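Got a minute to look at a model together? Pull up the structure and let's walk through it.

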Amino acid sequence: MFTNQLSLVIWAPIVAGLLVLATGGDQRANLARWLAVAGALIGFLLSLPLFTGFDNLNGGMQFEEVKPWIASFGIQYHLGVDGISMLFVILNSFTTLMVVLAGWQVIQKRPAQYMAAFLIMSGLINGAFAALDAILFYVFFEGMLIPMYLIIGVWGGPRRVYASFKFFLYTLLGSLLMLVALIYLYFQAGKTFDIQAFQAIAKIPLNVQILLFIAFFLSFAVKVPMWPVHTWLPDAHVEAPTGGSMVLAAITLKIGAYGFLRFALPILPDAARELSWIMVALSLVAVVYIGLVALVQSDMKKLVAYSSISHMGFVTLGLFMFTGSHLNQWAVEGALVQMVSHGFVSAGMFFCIGVMYDRVHSRNIADYGGVANKMPIFAAFMMLFAMANSGLPATSGFAGEFMVIMGAVQVNFWYAALAATTLIFGAAYTLWMYKRVIFGEVSNHHVEEMADVNKREFLVLAVLAIAVLGMGLYPQGFVEKMHLSVNDLIAHVAQTKL
Amino acid sequence: MDMKSLYLLIALSPLVGSIIAGLFGWAIGRRASHVVTILGVAVSAALSFKVLYAFLSGQAEVFNAPVYTWLTVGGYEFSVGFLVDSLTAMMLVVVTFVSLMVHIYTIGYMQEDPGYQRFFSYISLFTFSMLMLVMSNNFIQLFFGWEAVGLVSYLLIGFWFKRPTAIYANLKAFLVNRVGDFGFLLGIGLVLAYFGGSLNYSDVFAAAPALASKTIQIIPGCDWSLLTVTCILLFIGAMGKSAQFPLHVWLPDSMEGPTPISALIHAATMVTAGIFMVSRMSPLFEMSDTALNVVLVAGSITALFMGFLGIVQNDIKRVVAYSTLSQLGYMTVALGASAYPVAMFHVMTHAFFKALLFLGAGSVIMGMHHDQDMRNMGGLRKYMPITWLTSLLGSLALIGTPFFSGFYSKDSIIEAVQLSHLPAAGFAYFAVIAGVFVTAFYSFRMYFLVFHGKERWMEKKDDHHHGHDDHDHHHGLGPNDKPHESPWVVTLPLVLLAIPSVLVGFFAIEPLVYGSFFKGVIAIHSEAHPALEELAHEFHGASAMGMHAFTSLPFLLALAGVVTAWFFYMKAPQIPAAIKQKFSFINQVLENKYYLDELYYAVFAKGSRALGTFFWKVGDMLLIDGLVVNGAAKLVGTFSKLVRKLQTGFIYSYAMTMIIGVLALMTLWFSQIILR
């Protein structure tokens with residue numbers, strides 16, 4: 001549509017966010033809300049041509065933009081998306097729209113600043129996915145955390161300071177080491193920060209690759225999050241407002257997995273292969289161990305947070321399924337489908353919890369029971385998301401897990417068997433929670449007073465439900481976009497740099 | 001109309017009904033909701049009969065084509081697609097016919113329920129899912145249908161979601177089925193990995209013969225036959241869905257759902273999906289004797305030991321439920337004996353007479369004002385004549401009375417097992433033959449307790465109401481009430497199901513089991529597994545088989561079962577009471593269902609929660625957070641305390657530090673220049 005489509009997708013939400021911010025105090029809250037929804041909608045609409053105009057027969061970068069930025073250090077304003085990152089730009093723009101709608105009346109304290117934070121964050125996240133220059137990526141990657149700190153710190157729950165501090169401590173650790181790795185690669189690639197130039201470096205000794213891999217690992221594994229650097233996520237989710245949780249689960253976690261895919265795998269193929277057993281082991285621990293931990297949570301948000309970690313285990317598992325030097329295509333594409341699907345499903349789950357929290361002001365499972373009696377429409381929607389979270393076929397939750405398991409069988413039967421335990425554990429923790437919260441007799445007077453969803457909530461739930469079902473019934477629509485890019489990735493990773 | 005549109009119409013018309021009743025039921029009301037769903041299923045049923053007729057008369061061709069592409073990966077296409085052959089055609093008729101009967105019946109059974117539209121929406125959705133399952137031409141869609149029927153089963157068992165027992169039962173059903181699906185999915189994974197990268201039945205079956213001697217190492221150092229491992233994993237899926245020991249525990253509890261769905265889902269159709277699946281996979285199972293032995297053992301344990309449990313139940317629905325388990329065991333035994341056509345034949349006859357028995361039980365429950373305890377019944381024969389007669393016919397079919405449909409299918413199973421050469425066949429034969437007595441005994445125990453003898457509700461104590469369907473203030477009959485026959489929407493399906501329960505076996509055995517109906521669809525290696533072929537030599541027509549049966553062992557055992565039941569519960573009721581006392585240990589074990597529920601609860605439910613708590617409290621909180629994260633934070637704190645001491649706030653102190661620093665750097669710099 002436009003020649004600089006990606007720039008628009010990045011900067012339009014940021015400009016909108018600044019405009020919303022300019023509405024100032026709480027007296028013009030409604031103006032801020034409408035402005036925010038308009039900005040989010042424009043951002044989403046601007047991202048759609050990336051999908052419709054995408055050339056499925058081109059595995060390389062599309063919609064590229066290159067402008068010099070800091071020429072003396074070879075840093076460029078270089079943007080572009082392939083069949084992988086394009087999906088996440090759209091997912092992010094979509095989620096932002098949902099989040100703005102979700103926070104409509106719930107947020108009464110400084111709504112303009114709240115909405116603005118999300119819009120600005122949305123632009124920054126798009127930037128991280130679209131950046132093809134490592135420093136540009138780094139700036140967006142770190143920059144997007146600032147609005148998130150604010151969202152948790154200002155609109156969060158009682159322990160928000162502990163949660164943001166923990167989040168900060170975790171991420172700081174990794175990010176700095178990644179910067180060191182990027183600077184090393186800058187010299188190796190001939191004084192450029194271009195990511196594709198990094199990938200094209202022909203020779204890197206194995207011990208150097210392993211050190212660099214560890215640097216990237218520390219940065220990205222925290223974001224995913226992988227076991228054992230996951231403990232910030234449940235705390236962050238519990239303290240974050242509903243919208244914060246939705247973005248955190250739907251998008252922020254994906255950046256970690258995307259980082260592995262864009263940096264660690266193609267730049268350091270030999271280290272990735274050598275260390276893949278560790279990645280697989282940590283992923284399987286996430287699936288099984290975290291699945292069991294989710295089972296015993298009494299706080300709904302913690303439960304879904306642990307469920308997210310367990311589901312992200314499928315993503316990292318899928319990304320590191322090596323047969324010889326070849327990645328398994330089923331597993332890689334499954335990981336990508338799982339990432340997009342988890343974006344819809346976890347956003348749906350967190351929104352459902354938010355809807356109940358707004359009415360009862362509790363996240364404790366024990367404070368509920370029999371919600372279906374009072375909120376039948378809501379109960380039906382939540383059933384759909386719960387089933388998607390349990391990986392039921394015909395929902396998006398199935399497609400990704402299925403593909404990863406199919407890929408894993410081809411590599412090692414036991415990987416698949418351990419991963420497939422999610423069929424049991426995933427259903428157990430999700431549906432057990434659903435049973436205790438939604439089914440049964442009305443358990444107390446708070447539940448008795450719950451009113452069913454309003455139009456705005458219905459809209460958000462319905463749109464997310466359509467996404468979940470649509471992707472479950474026709475994953476091909478997403479998968480066909482990524483085939484060639486994934487093929488390129490696999491071919492690239494198969495070439496040794498020793 | 002081309003065939004593809006025809007089959008699409010069969011599958012989709014129940015879905016359309018379901019969507020209309022489900023999403024717009026609140027607007028269009030009760031009447032329109034049941035009209036639209038019944039219409040959808042009726043269209044499906046009519047077309048299914050047409051398809052079956054075409055196959056029976058030999059005019060139809062096998063249809064195998066994709067509908068749309070679900071996914072492509074690595075150059076392979078995975079589609080939603082239909083395979084309609086004789087096996088599918090038979091299942092289409094069974095599913096849509098029973099479903100139609102249940103739809104009509106539901107108008108009467110659920111008339112007072114506030115969730116009327118929702119119920120119709122669910123059962124139509126179930127019909128759609130089941131049709132997709134049986135019409136599938138590939139493993140993925142099979143799994144889709146497999147899970148979708150599981151979902152609807154979950155929703156319907158928990159239909160009365162206020163009841164703690166119902167929502168316990170539906171969660172249990174879903175999770176136990178998921179254990180089966182775990183195996184099933186891994187089985188599908190092996191198929192995809194080794195059978196040429198396709199999940200279409202035709203491709204997989206074509207690739208199978210070349211893999212007969214292929215081994216894989218699941219445990220390093222152990223070479224296992226690929227086909228055996230694959231088949232056993234697939235069969236684990238069937239064990240979940242078709243409730244075979246040890247994954248049977250969910251089915252009795254599923255009786256918490258309304259009775260119409262017990263008939264449709266938990267007796268006639270969904271639970272036979274496992275049997276259907278194994279029959280569909282006969283080209284694979286035929287290549288592994290080990291897998292067939294496993295099938296035989298699971299089936300025979302289920303057939304006999306679940307029958308025992310039927311004897312001690314007092315809830316009328318639970319008797320029928322255990323009977324269903326036992327009959328599913330019979331079908332599984334038939335599969336193990338490589339008599340797949342016989343298994344499918346029993347699927348069909350069982351669907352009719354067991355749906356009839358369940359719906360009859362439902363009619364009795366309505367007559368008793370939602371009291372399900374047989375100890376409060378008795379003498380219902382004269383108050384509910386149609387229910388009585390049809391239930392009697394259903395019971396006679398179930399116990400295998402000669403010339404009834406159940407006789408033809410069950411006797412064929414017994415004979416096939418007798419002729420099987422597999423090691424497990426001896427045990428299986430004992431189980432199915434002993435099962436005949438047990439079946440006859442519990443069936444007629446129920447029959448006599450319900451329809452004959454004293455009218456026990458009259459002497460019932462007031463505190464004694466076991467009403468399970470008491471969601472809307474039903475408390476069973478009072479001492480002065482009279483039961484009443486159910487309305488025509490309930491009795492009509494009973495009559496329409498009684499007809500095939502009596503007749504279909506006589507007419508169907510020859511084409512289905514010994515004819516060419518399943519030819520080219522079900523594969524049997526007759527050299528290795530000759531049971532069915534030998535059986536065919538002994539078969540001289542349906543009437544000869546019926547006549548011959550009067551002198552056979554199964555008939556005598558069934559007769560003995562009926563007579564014993566009559567004697568125990570009509571003539572001398574003190575005997576069962578005495579036996580109960582004398583063998584109280586055995587009675588305890590049976591009443592507690594061999595303590596399997598307790599065992600599973602203690603080991604799996606409690607075990608995984610304990611493990612989860614351990615990981616959470618020790619792994620996450622103590623080690624990761626306590627030691628590492630907060631430890632690091634403390635370390636930073638301690639370090640910054642030290643650093644803070646340097647920050648005195650006095651300018652001279654900072655200046656001094658700076659000068660020292662500059663001097664140090666200069667020294668370093670100069671020394672490098674000098675040393676170079």
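Below we go from the interface between the chains to a helix and then to a single residue.

Keep in mind that this is a predicted model. Start where the two chains meet: 61 residues of chain A are in contact with 52 residues of chain B. Together the chains bury about 5100 Å², and 76% of that is on carbon and sulfur atoms. If you want a place to zoom in, try W330(A), F413(A) and L423(A), which supply 11% of the area that chain A buries against chain B, more than any other three residues. The side of chain A that touches chain B is made up of 43 nonpolar, 13 polar and five charged residues.

What about salt bridges between chain A and chain B? The count is zero. Polar contacts do turn up, though: 15 residue pairs make them across the two chains, counting pairs with both residues at pLDDT 80 or more.

Now swing over to helix 5 of chain B, residues 164-194. Its 31 residues reach 45 Å from the first C-alpha to the last, close to the 45 Å expected at 1.5 Å a residue. Of those 31 residues, 23 are buried, so helix 5 of chain B is largely enclosed by the rest of the structure. After this helix comes G196(B), with a positive phi near 90 degrees.

Last stop: Q5(A), in helix 1 (residues 5-22) of chain A. Is Q5(A) buried or exposed? With a relative accessible area of 1%, Q5(A) is buried, because the cut-off is under 20%. Setting aside neighbours within four places in sequence, Q5(A) is in contact with L46(A), P49(A), L50(A), F63(A) and E65(A).

Technical notes
Residues numbered from 1 in each chain as written. Chains lettered and ligands numbered in written order. Predicted model: local features only at pLDDT ≥ 70, side-chain atom pairs only at ≥ 80, totals over all residues. Heavy atoms only, no water. Contact = heavy atoms within 4.5 Å. Buried area = accessible area lost by both parts, 1.4 Å probe. Salt bridge = Lys/Arg side-chain N within 4 Å of Asp/Glu carboxyl O. Polar contact = N/O pair within 3.5 Å; in protein donor to acceptor, adjacent residues only side chain to side chain. Nonpolar A, V, L, I, M, F, W, Y, C, P; charged D, E, K, R; others polar. Helix = DSSP H or I, 4+ residues; strand = E, 2+ residues; numbered from the N terminus. Expected span 1.5 Å × (residues − 1). Buried < 20%, exposed > 50% of the residue type's maximum accessible area, 1.4 Å probe, protein only.
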